[in-house]
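Please work through the exercises below with the structure open beside you, and try each task before reading its solution.

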Amino acid sequence: MQQTKQQTKSSRCAVVGCTDPHRSIQNVPASEETRAKWMDFIFECNVPERIGKILFVCANHFELDCFANLGQYNAGLATRLTLQAVSVPSIRRISDEGNASTSGQCARVHHVACQTDRPKMCTVGTQLSVKTLRPHYKSTGLLKKLVKIAQNKECEKLKKWLPSIKKHIYWTAATSTSGPERVAKWTSLLNHVQDIHSHDDPVFPQCLHPLRISRDKSKWLTAGTPAFSRLEKVLTNKRVLKDVGKLSPHYQTSSLESFHSVILRFAHKNFPFLGMLCRLYLAVLHFNENAGRPQATSSAGEPLFKVNFPKYKKGECTAKPVKAEPTFQYVDNLLDLIFHKVFQDPAPYVNEVLKIPIPADLSAQFDKPDKREVVASYVSRFNQGQV
Ligand SMILES: [Zn+2]
Ligand SMILES: [Zn+2]
């Protein structure tokens, strides 16, 4: 027999009625007893007399606890699911319910009335499916597309590039001032993944990273390979390029957020107008002095980092540079000013303060009622008033 042809032809799920097989397929085991159970399941107890030598069952037909490496698979460390020793497939799609056999031997098969659209992996025991457990990519549709492509065996190399591509999107947005510049930087990625770091586009003629010989040469993609051409197709899609041209640099918001937190430190509640104004001025002085703080260094002069586990990264950690301690030069300057200038001759400073227009209290716009009337109308549960 032509083994290879047979192999590709039968690398499909043999389970009757399985129309949307899982990528991971399992060979029918050799052990006589287990094999018989598998056969009963695959053919719904009507095992034909002549069966192909090689039969596969896809991962959709097993309970989650049948898998030996579900954790690794979900974490992206394994490309296919493997089974525990004596696992038997037991899950069939609902659409086959009509054909369900009544034979006692097949009693294990669960036919579950599931309410979701894709009842693939739902069983009585668990509502989880392989898909729900997989890490969710909460990013642009573009990344989702790439993740899907990288799942193909021939495009596996793309997997390593996904984090870089994600960073490249933010970097492109944050560092460009014009649409064409953004597009040039964006498309430069297609050269970069091929280990080409100078580009034809005069707007962005050269990668900005230092040129060095990579330790892992296998990561570079080659033009014409399926992985590269599919990446190229996604990145240079007309609609994508149009979106890239319009990306906005939202990197400034983080420094704005930290300014807000400084304000909260200085003016954490409502103060009278002048008190609030002074506190806001102090917050601005503090922020301006400390906004560009350098990274802290150890006594040996090495930059300090701390390791973070942000919630959105689901267990993945990131290194964050530790900033140097804030400085308070502005406090010294203010004290100098107060002791050497204001105390000597306060008049000009008092005049300046008096010039600041202080708005009326918000409550001033309402008529003030007579206090005695308000008190008289106060009726509580214990003081029922003089009715
Ligand atoms: Zn299947
Ligand atoms: Zn490069």
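The exercises that follow concern a predicted model, and they go from the whole chain to single helices and one residue.

**Exercise 1. Find what the secondary structure of the protein comes to, and what share of its residues is buried.**

Solution. Counting the elements along the protein gives 14 helices and 4 strands. Turning next to burial, one finds that buried residues make up 14% of the 387 residues. Finally, among contacts between residues at least 6 apart in sequence, 57% join residues at least 24 apart.

**Exercise 2. Decide over which residues pLDDT stays under 50.**

Solution. Begin with the average, which is a pLDDT of 76 for the protein, while 79% of the residues score at least 70. Then look along the chain: pLDDT stays under 50 over residues 1-10, for which the model has 7 contacts beyond four places in sequence. It also stays under 50 over residues 95-139, where the model has 59 such contacts. Where pLDDT is low, the predicted coordinates should not be read in detail.

**Exercise 3. Work out how helices H6 and H7 are oriented to each other, and which residues make their contact.**

Solution. The axes of H6 (residues 158-175) and H7 come within 10 Å and cross at roughly 165°. Angles over 145 degrees count as roughly antiparallel, and H6 and H7 are therefore roughly antiparallel to each other. On the H6 side the contact is made by Ile-165, His-168 and Thr-172, and on the H7 side by Arg-182, Lys-185, Trp-186 and Leu-189. Sorted by class, this contact has 3 nonpolar, 2 polar and 2 charged residues.

**Exercise 4. Repeat the reasoning for H7 and H9, and give the handedness of their crossing.**

Solution. The axes of H7 and H9 (residues 238-246) come within 7 Å and cross at roughly 125°, and the two helices are therefore oblique to each other. Their crossing is right-handed. Gly-179, Arg-182, Val-183 and Trp-186 in H7 meet Leu-241, Val-244, Gly-245 and Lys-246 in H9. By class, the contact has 4 nonpolar, 2 polar and 2 charged residues.

**Exercise 5. Locate Asp-200 and decide whether Asp-200 is buried or exposed.**

Solution. Asp-200 is found in the loop between helix H7 (179-192) and helix H8 (226-235). To judge burial, count the other C-beta atoms within 10 Å, of which there are 10; since a residue with 12 or fewer counts as exposed, Asp-200 is exposed. As a last step, compare sequence with space: Asp-200 and Ser-188 are 12 residues apart in sequence and 8.9 Å apart in space, C-alpha to C-alpha.

Conventions: Residues are numbered from 1 along each chain as its sequence is written. Chains are lettered from A and ligands numbered from 1 in the order in which they are written. This is a predicted model: local features need pLDDT of at least 70, side-chain atom pairs count only at pLDDT 80 or more; totals for chains, interfaces and linings use all residues. A residue is buried if 20 or more other C-beta atoms lie within 10 Å of its own, exposed if 12 or fewer, and partly exposed in between; C-beta atoms are placed from the backbone. Two residues are in contact if their C-beta atoms, placed from the backbone, lie within 7 Å. pLDDT is the predictor's confidence in each residue, from 0 to 100. Axes are lines fitted to C-alpha atoms, for helices over the stretch in contact, and angles run from 0 to 180 degrees between N-to-C directions. Angles under 35 degrees count as roughly parallel, over 145 as roughly antiparallel, 65 to 115 as roughly perpendicular and the rest as oblique. Ala, Val, Leu, Ile, Met, Phe, Trp, Tyr, Cys and Pro count as nonpolar, Asp, Glu, Lys and Arg as charged, and the others, Gly among them, as polar. A crossing is left-handed if the near helix is turned anticlockwise from the far one by less than a right angle, and right-handed if clockwise.
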